[in-house]
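Colleague: Could you walk me through reading aromatic contacts in a model like this one?
Modeller: Sure, let's have it on screen.

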Amino acid sequence: MDKKLLAIKLLHTLVWAFFVTIIFYIFYSGLANKLTTFTWISIGLVIGEGLVLLLFKMFCPLTVIARKYSDSEKANFDIFLPEWLAKYNKEIFTAIYALGVALVLLRYFKVF
């Protein structure tokens, strides 16, 4: 494997892990009714990530860069994830994020 592609895969995996962590933190915050400044910062960071994805036609910028070093058709060519998770990553974590934000908003507005 090309050293540049390996570096991109490592960085991409670390960025992915960061966003997954904050997505689960948002979900936990809403579920446990523990809203903090970090909850709102996390929500904002994920919105920012979504805007970046929109700018890059639903691709991570790291994927776009990695394409220069690989012609693989696999969903996980640019990240250290199982192929099924890389393929459905956006769907899975968008759903968890949306549920988490809904819980946070319900708690914030004291609906339950």
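Colleague: Let me start with Y108: how accessible is Y108?
Modeller: This is a predicted model, and in it Y108 has a relative accessible area of 48%. Partly exposed runs from 20% to 50%, so Y108 is partly exposed.

Colleague: And how do I describe a pair of rings?
Modeller: You give the distance of the centres and the angle of the planes. Try W16 and F93: the centres are 5.8 Å apart and the planes sit at 85°. Planes over 60 degrees apart count as edge-to-face, so that is what this pair is.

Colleague: Where do W16 and F93 sit in the chain?
Modeller: W16 is in helix α1 (residues 3-32) and F93 in helix α4 (residues 83-108), 77 residues apart, so the pair links distant parts of the chain.

Colleague: Are W16 and F93 buried or exposed?
Modeller: Buried, both of them. W16 and F93 also form one aromatic cluster together with F24.

Colleague: Which ring does Y108 pair with?
Modeller: W40, again edge-to-face, with 5.4 Å centre to centre and 80° between the planes. W40 belongs to helix α2 (residues 37-55) and Y108 to helix α4, so this contact ties together parts 68 residues apart in sequence. W40 is partly exposed as well, at 36% relative accessibility.

Colleague: How many aromatic pairs are there?
Modeller: Seven.

Colleague: What lies over the face of F77?
Modeller: That's R67, at 4.0 Å from the ring centre.

Conventions. Residues are numbered from 1 along each chain as its sequence is written. This is a predicted model: local features need pLDDT of at least 70, side-chain atom pairs count only at pLDDT 80 or more; totals for chains, interfaces and linings use all residues. Side-chain values use heavy atoms; hydrogens and water are left out. Rings of Phe, Tyr and Trp (its six-membered ring) pair if their centres lie within 6.5 Å; planes under 30 degrees apart count as stacked, over 60 as edge-to-face and the rest as tilted. Helices (H or I, at least four residues) and strands (E, at least two) are DSSP runs, numbered from the N terminus. Buried means under 20% relative accessible area, exposed over 50%, partly exposed in between (1.4 Å probe, protein chains only). A charge sits over a ring if NZ of Lys or CZ of Arg is within 6 Å of the ring centre and within 35 degrees of the ring normal.
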